[in-house]
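Student: Could you give a close reading of one part of this model, beginning with a single loop position and its backbone angles? Please then follow the chain from there to the aromatic contacts and the enclosed space.

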Amino acid sequence: MRIVSFGFQTWGCKTLQALIDSEHEVALAVTHPSSAQSYKAIWSDSVEELARAHGIPVHLTERADAATIDLVKRAEPDVIVVNSWYTWMPPELYNLPPHGTLNLHDSLLPKFTGFSPVLWALISGESEFGLTVHRMDEQLDTGDILVQRSLPIGPTATGTELVEAGMALIPDALREALSALESGTAVWRPQHKAERTYFHKRSERDSRIDWAWSAVDVERFVRALSEPYPRAFGYYRGERVEILAAAVSAACYGGTAGRVVVQEGGAVVVCGPDAIRGRNPGLLITRVRTANGAEHSGAEFFARGGYLTDTPA
């Protein structure tokens, strides 16, 4: 089959590589220009460079405009394959090929539609995540499902580890989906849209710790925001501090959420709902990084006690 690829960042790159490695022909690769925006600069392998290295025509654009649609029409694809495309695609485009458009989304749809689904799945305490290959329709990530793969979320998994594991699912899932289309054996499963959950784009505010969360939630939050993502942070004595490693405390702690106490061989932060009752475990912080890039043990850095707060004041 002739395929047009729409993709960006490492997700798009791995998808294009899987297409190159397949028995199908990639007639055109459409991608966004490189970007310095925080989340777009992460996992920034270049679709453009990969396509050019394999002699595949490339079109750089921010959106699927009239010129893009014209190029796709002239490429005469049997199917369009999309992974990590940031802007809206009109029906004129996604309905153009005989087999329509396949979108790859790294969640178990209909849960976690939208943005950064792997991070949000870990943050929210899901037991599994995965990859869905579905047909594009008029809404975001809501089309009928063709192929789905799932993986467990382990008790010590980081966001980075899960993203990498999810990307490793791309070649086999895509191969199965394209084979089903080509052989006419595709079975489409409608999504139960009442079960849909949507998660917004992440920004700096979404990395700030809320000490009213339980210690279990905060510890998972710290693991989700592993390198290369913006790290979980709070403010201590007016200085922004990134929390690099933490654990749930052995004992329960009470008082004011955000209070730092020297206990358990380190620094424990009082956190969780109804903290005044002393029924919640705290967050044992073991590693931090300050604004100048210096790293410290939690016990060393928080030796004077005090409070972790939402603002520098």
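Tutor: Aspartate 274 counts as partly exposed because its relative accessible area is 45%, a value between the limits for buried (under 20%) and exposed (over 50%), computed with a 1.4 Å probe on protein chains only. The model is a predicted one, in which local features need pLDDT of at least 70 and side-chain atom pairs count only at pLDDT 80 or more, whereas totals for chains, interfaces and linings use all residues. Residues are numbered from 1 along each chain as its sequence is written, and side-chain values use heavy atoms, with hydrogens and water left out.

The phi of aspartate 274 is near 55°, a positive value in a residue other than glycine. Its place is the loop between S13 and strand S14 (280-290); such elements are DSSP runs numbered from the N terminus, with helices (H or I) of at least four residues and strands (E) of at least two. On the other side of S13 is a second such position: glutamate 264, in the loop between strand S12 (259-263) and strand S13 (266-269). Glutamate 264 is not a glycine, yet it has a positive phi of about 55°. With a relative accessible area of 33%, glutamate 264 is partly exposed. Most residues other than glycine have a negative phi, and most peptide bonds are trans.

Two peptide bonds also call for attention. The bond that joins leucine 109 and proline 110 is cis, with omega of about 15°, and proline 110 sits in the loop between S5 and S6. The bond from glutamate 227 to proline 228 is likewise cis, and omega there is near 15°. Proline 228 belongs to the loop between helix H8 (215-224) and strand S10 (233-236).

From the prolines, the description passes to the rings. Eleven aromatic pairs are counted (rings of Phe, Tyr and Trp, the last by its six-membered ring, with centres within 6.5 Å; planes under 30 degrees apart are stacked, over 60 edge-to-face, and the rest tilted). One of them is the stacked pair of phenylalanine 112 and phenylalanine 199, at 4.8 Å centre to centre and 20° between the planes. This pair links distant parts of the chain: phenylalanine 112 lies in the loop between S5 and strand S6 (113-114), phenylalanine 199 lies in strand S9 (residues 198-199), and 87 residues separate them. Phenylalanine 112 counts as buried because its relative accessible area is 6%. Phenylalanine 301 and phenylalanine 302 pair edge-to-face, at 5.1 Å between centres and 90° between planes, and both are buried. In addition, ring pairs link Trp11, Trp43 and Tyr229 into a cluster.

Trp11 also borders enclosed space, since it helps to line the largest cavity, together with Asn83, Asp106, Leu131, Gly166, Met167 and Ile170. A search of the whole structure finds one cavity of 30 Å³ or more. About 30 Å³ of space lies in the largest cavity. On a 1 Å grid over the protein atoms alone, a cavity is a set of points where a 1.4 Å probe fits but cannot get out; a pocket is an open set with protein on both sides within 12 Å along at least five of seven lines, and lining residues have an atom within 4 Å of a point. The lining of this cavity divides into four nonpolar, two polar and one charged (Ala, Val, Leu, Ile, Met, Phe, Trp, Tyr, Cys and Pro are nonpolar, Asp, Glu, Lys and Arg charged, and the others, Gly among them, polar).

The largest pocket has a volume of about 890 Å³, a volume being the space filled by probe spheres set on grid points joined across faces, edges and corners. Of its 38 lining residues, the closest to the centre are Ser84, Trp85, Tyr86, Gly114 and Phe115. Helix H1 (9-21), strand S4 (79-83), strand S5 (101-105) and helix H5 (117-123) each give at least two residues to this lining. By class, the lining comprises 19 nonpolar, twelve polar and seven charged residues.

The second largest pocket has a volume of about 190 Å³. H1 and helix H7 (170-183) are the elements that give two or more residues to its lining, and H7 supplies the largest share, six residues. Four nonpolar, three polar and four charged residues make up this lining.
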